[in-house]
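Here is a short briefing on how the chains of this assembly meet. Please look over the sequence and structure before reading on.

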4 protein chains.
Amino acid sequence: MNDANIYAKQGFGNKSGFGVRPALLLIDFVNGFNDPKLFGGGNIPQAIAQTQPLLACARRIGAPVCFTRVVYAQDGADNGVFCLKAPKLAILTPDAHASQIVDELTPVAGEYVLNKTQPSAFFGTNLVNWLISKGVDTVIATGATTSGCVRASVVDSMSYNFRTIVVSDCVGDRALGPHEANLFDMQQKYADLMTCAETISQLERLKTNT
Amino acid sequence: MNDANIYAKQGFGNKSGFGVRPALLLIDFVNGFNDPKLFGGGNIPQAIAQTQPLLACARRIGAPVCFTRVVYAQDGADNGVFCLKAPKLAILTPDAHASQIVDELTPVAGEYVLNKTQPSAFFGTNLVNWLISKGVDTVIATGATTSGCVRASVVDSMSYNFRTIVVSDCVGDRALGPHEANLFDMQQKYADLMTCAETISQLERLKTNT
Amino acid sequence: MNDANIYAKQGFGNKSGFGVRPALLLIDFVNGFNDPKLFGGGNIPQAIAQTQPLLACARRIGAPVCFTRVVYAQDGADNGVFCLKAPKLAILTPDAHASQIVDELTPVAGEYVLNKTQPSAFFGTNLVNWLISKGVDTVIATGATTSGCVRASVVDSMSYNFRTIVVSDCVGDRALGPHEANLFDMQQKYADLMTCAETISQLERLKTNT
Amino acid sequence: MNDANIYAKQGFGNKSGFGVRPALLLIDFVNGFNDPKLFGGGNIPQAIAQTQPLLACARRIGAPVCFTRVVYAQDGADNGVFCLKAPKLAILTPDAHASQIVDELTPVAGEYVLNKTQPSAFFGTNLVNWLISKGVDTVIATGATTSGCVRASVVDSMSYNFRTIVVSDCVGDRALGPHEANLFDMQQKYADLMTCAETISQLERLKTNT
C-alpha cells in the first residue's frame with residue numbers, strides 16, 4: 001500500500017472547499033527568496049511569474065491582498081533560534097534589497113505588507129486580526145518556500161479555521177523534493193490544492209455571483 | 001546538486017543546540033494514533049516503545065513532562081476545517097478509547113496533559129505559558145505523527161525561541177515517505193535531530209552538572 | 001476638566017458599531033463566581049438574571065453561543081502566576097461544583113463550552129478559531145467579573161477586530177467600584193455599551209433583515 | 001465592607017513575587033502619549049522622568065530592555081476596530097513625530113523596539129518569543145497609559161506566567177481616576193506594585209547575587 005492509499009484509507013484528503021470571501025496571501029516573495037545565491041532557486045521564479053495573473057485577478061474582483069516579508073532588526077535585537085539554524089537570515093534587515101518584495105509583484109496602496117520573523121505569516125503578526133477585519137473565510141496561499149513559510153502559514157490558516165487553498169503552481173521552493181513532499185502533506189491534511197487557472201476561474205465565478 | 005547540498009550552500013542545517021532546562025513533550029501518543037485502522041500504523045509502535053526509556057529518564061532527572069491529546073467536543077461544537085479534511089478526527093471525543101494516552105506511556109500525577117484541536121500542541125492551548133512557568137529553554141519533541149502534529153508543534157516551538165530537539169526514533173508516522181521528508185525539513189530549518197540514546201545521555205549529563 | 005471630558009477631547013469614546021453576524025459570549029457564569037463566599041457577590045446575581053432573556057434571544061435567532069469556565073487540573077499541574085495572586089482559584093477543578101455553569105444558564109447541545117486558565121476567554125483557547133468558523137463579526141460580551149475576565153476578554157475581542165458589545169446590565173462584579181471603572185474604560189476605548197433591552201432589540205432587527 | 005476588603009476576603013491581592021531574570025518593558029512612551037493635545041497629559045510626564053533612573057539601572061545590570069510603539073501603516077491598511085473607537089490613533093504612522101520614543105528614553109543599540117497596533121504589547125508581536133529567548137521570568141512594566149496599554153500588557157504578561165511588576169510611579173495616564181482604578185485591579189489580580197526606588201533596589205540586589 002503506497003502512502004496515498006494509507007491516507008485515503010484513514011479518511012484524509014477530503015476537500016475543505018472554497019468560501020465566499022477570499023483573501024490572497026503572497027508569502028515571502030522577496031528578492032532574497034528569488035535569488036539562488038541567497039535562499040532562492042528551484043521553481044520559485046516560475047511561481048512568481050504565475051502569481052502575476054492571480055494578483056491581477058484578486059485586484060480586479062476586490063479581494064483583500066496581503067504580502068509578507070521576513071525582516072530582522074538592523075542591530076540583531078530580535079534574532080532568535082531561527083537565525084541559529086540559518087544564520088544568513090539575519091541579513092534580511094528592513095532596508096536590505098533582499099527583503100524587498102520582488103518587482104513583478106509590487107504592492108499598491110491599501111494592500112497589507114507585513115513583516116515577520118518566523119516561518120508562519122501568522123506568528124507574531126496581525127494577520128489573523130486583519131483577516132477578521134476583512135470578513136475573510138478563505139485564504140489563498142502563494143509564495144516561497146513551499147516547505148518552509150508556505151507550509152507553516154497554511155497549517156496556521158487551517159488551524160484558525162480559514163478554508164485554505166494552496167495554489168500549486170504559485171508556490172515554489174529551492175529544491176523540488178521538499179516542494180513535492182509538502183504539497184502532499186498539505187493536500188492530505190490542511191488545504192485544497194488548486195492550479196492558478198482553477199483559482200482565477202473560481203474567483204471570477206464568485207465575483208459574478210455577488 | 002542534491003537537495004541537501006542546496007540547503008548546505010544556503011547556510012541551513014546548523015545546530016541550534018541544547019539549553020539547560022529541557023522539557024519532554026509527548027505529542028498525541030494516544031490509542032487512535034497507534035491503531036492502523038484509525039490514524040496509526042507505520043513506525044508509530046516503535047516510536048512508542050522507544051519513548052519509554054526517554055520518559056523514564058525525564059522523570060528521573062525531574063524534567064517537566066507534557067502529554068498532548070487531540071480532543072473534540074462530544075456534540076461536535078468545536079469541529080472545524082481540520083474535521084473537513086479528515087472527518088474521522090471527530091471521533092476523538094473526551095472519553096473515547098481512541099483519545100486516551102497509550103498504556104505504555106501513562107501520565108503520573110503532576111505531569112501536564114493538554115487537549116488540543118489543531119495540529120500544533122501550542123495552538124489554542126496553554127503550552128507556551130506552562131513552559132514559561134517551568135523556566136524551560138529546550139523542548140524535546142516525541143510523538144505522532146512526524147509529518148503532522150510533531151512537525152506543526154516543532155515549527156511553533158522554534159518560533160517561540162525554544163531550542164528544539166526532535167528525537168528521531170521517538171517520532172513516528174503512518175507512512176514512511178512523509179516521515180523522512182519531514183525529518184529532513186525539521187533538521188534543516190527548525191530543530192536538531194538526536195537519537196533517543198543521545199538525548200538520554202545529554203539529559204543525564206545536564207543532571208550531573210546541576 | 002473631568003475624566004470623560006479628557007477622553008472626549010482626545011477623540012476616544014466613538015462607537016465601533018454592530019456588524020451582521022453576532023455571537024453571544026457568556027464569561028465565567030459559574031457557581032464559584034456567583035457565590036459571595038468564593039469569588040462572587042456584588043451585582044453578579046442580577047447580571048445572571050438579566051442574561052437569561054438575552055440567551056433566549058440568541059437561541060431564537062440562531063446566533064452562535066459560547067460559555068467559558070475557569071478550570072485547573074485536579075493535580076495542579078497547570079497552576080501558574082494567576083494562582084499565586086489568587087490561590088483559591090485552584091479549587092476550580094473540572095468536576096468541582098464551583099466550576100459548573102450556573103443552573104439559570106445551562107448550555108444546550110451544540111453550544112460551545114470552553115475551559116480557560118487565564119482571565120481572557122481568548123488566551124490559550126480555541127475561541128478565536130471557533131468565532132472564525134462561524135463567520136462572526138461581532139462579539140456580545142456578558143459575564144463575570146466586569147473588572148476581570150470580562151475586561152480581559154473584551155480587550156482581546158477588540159484586538160482581534162471583532163466589533164465588541166458589552167451588555168452593561170449583563171456583566172457583574174464582586175465590588176461596584178471596579179465594575180463602574182471598567183465599564184468606563186471599555187466604553188472609551190474597546191467596546192460599545194448597550195443595555196440588555198437594546199441588545200435584544202438589535203438582534204431581533206438583524207433577524208428580520210436576514 | 002469596602003472594595004479592598006471584599007478582595008481580601010476572597011483571597012486576592014497576594015504577591016506573585018520577583019524572579020531571577022527580569023526584563024524591563026517601556027510601553028508606548030512615545031511623543032504622542034506625552035502630548036496632552038494628542039493622547040497624553042495627567043501624570044505621564046512624571047512617569048517618564050521617573051523611568052529614566054530605572055532604565056539606567058536595567059542597562060547597568062544588563063537586563064533585557066524592550067520599548068513599544070503604536071504604529072499604523074501610512075495608507076491605513078491595518079487600521080481596525082481600535083481606530084473606530086479612537087480615530088486619531090491612525091496618525092501614529094511609522095515616521096510621525098508622535099510615534100517616536102520620547103527623547104528622555106532613547107533606545108540604544110541591541111535594545112528591542114517593537115511596533116504594535118493593539119493595546120497589549122504581546123498582541124500581534126514577537127514579545128513573548130523575545131522574552132523566551134532571553135530566559136526572562138519577570139516582566140517589569142512601565143509606560144503609558146496605566147488604564148490602556150499598560151493594563152492590557154500586564155494581563156497578558158501574567159497570563160504567559162511571567163511574574164509581573166508594575167512600577168507604580170513609572171506608569172502614567174491622561175486622567176487620574178482610571179490610573180488609580182487600574183493600579184487597584186492589577187495589584188489585586190495580576191501583578192505586584194513596586195515603586196521605582198524599590199524596583200531599583202531589587203534589581204541591584206539581584207545583580208549582587210549573580
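Is the crossing of α6(C) and α6(D) left-handed or right-handed? It is left-handed. The model is predicted. The points below start with this helix pair and then turn to the contacts between chains.

**Helix pair α6(C) and α6(D)**
- The crossing of α6(C) and α6(D) is left-handed, and the contact draws on C:P178, C:A181, C:F184 and C:D185 from α6(C).
- From α6(D) come D:P178, D:A181, D:F184 and D:D185.
- These contact residues divide into 6 nonpolar and 2 charged, with no polar ones.
- Each α6 here spans residues 176–189, and the two helices pack at an angle of about 120°.
- Their axes lie 10 Å apart.
- An angle of about 120° falls outside the 65 to 115 range for roughly perpendicular and is not over 145, the mark for roughly antiparallel. The helices α6(C) and α6(D) are therefore oblique to each other.

**Chains A and B: symmetry**
- A turn of 180° with a shift of 0.0 Å along the axis lays chain A on chain B.
- The RMSD of that fit is 0.0 Å.
- A:A181 is the residue of chain A that comes closest to the rotation axis, with its C-alpha at 3.2 Å.
- The copies meet through the same surface, because 100% of the interface residues of chain A are also interface residues in chain B.

**Chains A and B: contact**
- Chain A gives 39 residues to the contact, and chain B gives 39 residues.
- On the side of chain A that touches chain B, four helices supply at least two residues each: α1 (3–9), α3 (81–85), α5 (146–159) and α6 (176–189).
- By class, that side of chain A has 19 nonpolar, 13 polar and 7 charged residues.

**Chains B and D: symmetry**
- Chain B can be laid on chain D by a turn of 180° and a shift of 0.0 Å along the axis, with an RMSD of 0.0 Å.
- This is how a two-fold axis relates its copies.
- Both copies use the same surface: 100% of the contact residues of chain B recur in chain D.

**Chains B and D: contact**
- Here 10 residues of chain B are in contact with 10 residues of chain D.
- Which helix gives the most to the side of chain B that touches chain D? Helix α4 (residues 127–133) of chain B does, with 4 residues.
- That side of chain B divides into 4 nonpolar, 5 polar and 1 charged residues.

Terms used. Residues numbered from 1 in each chain as written. Chains lettered and ligands numbered in written order. Predicted model: local features only at pLDDT ≥ 70, side-chain atom pairs only at ≥ 80, totals over all residues. Least-squares fit on C-alpha atoms with pLDDT ≥ 70 in both. Contact = placed C-beta atoms within 7 Å. Nonpolar A, V, L, I, M, F, W, Y, C, P; charged D, E, K, R; others polar. Axes fitted to C-alpha atoms, helices over the stretch in contact; angles between N-to-C directions. Parallel < 35°, antiparallel > 145°, perpendicular 65-115°, else oblique. Left-handed = near helix turned anticlockwise from the far one by under 90°.
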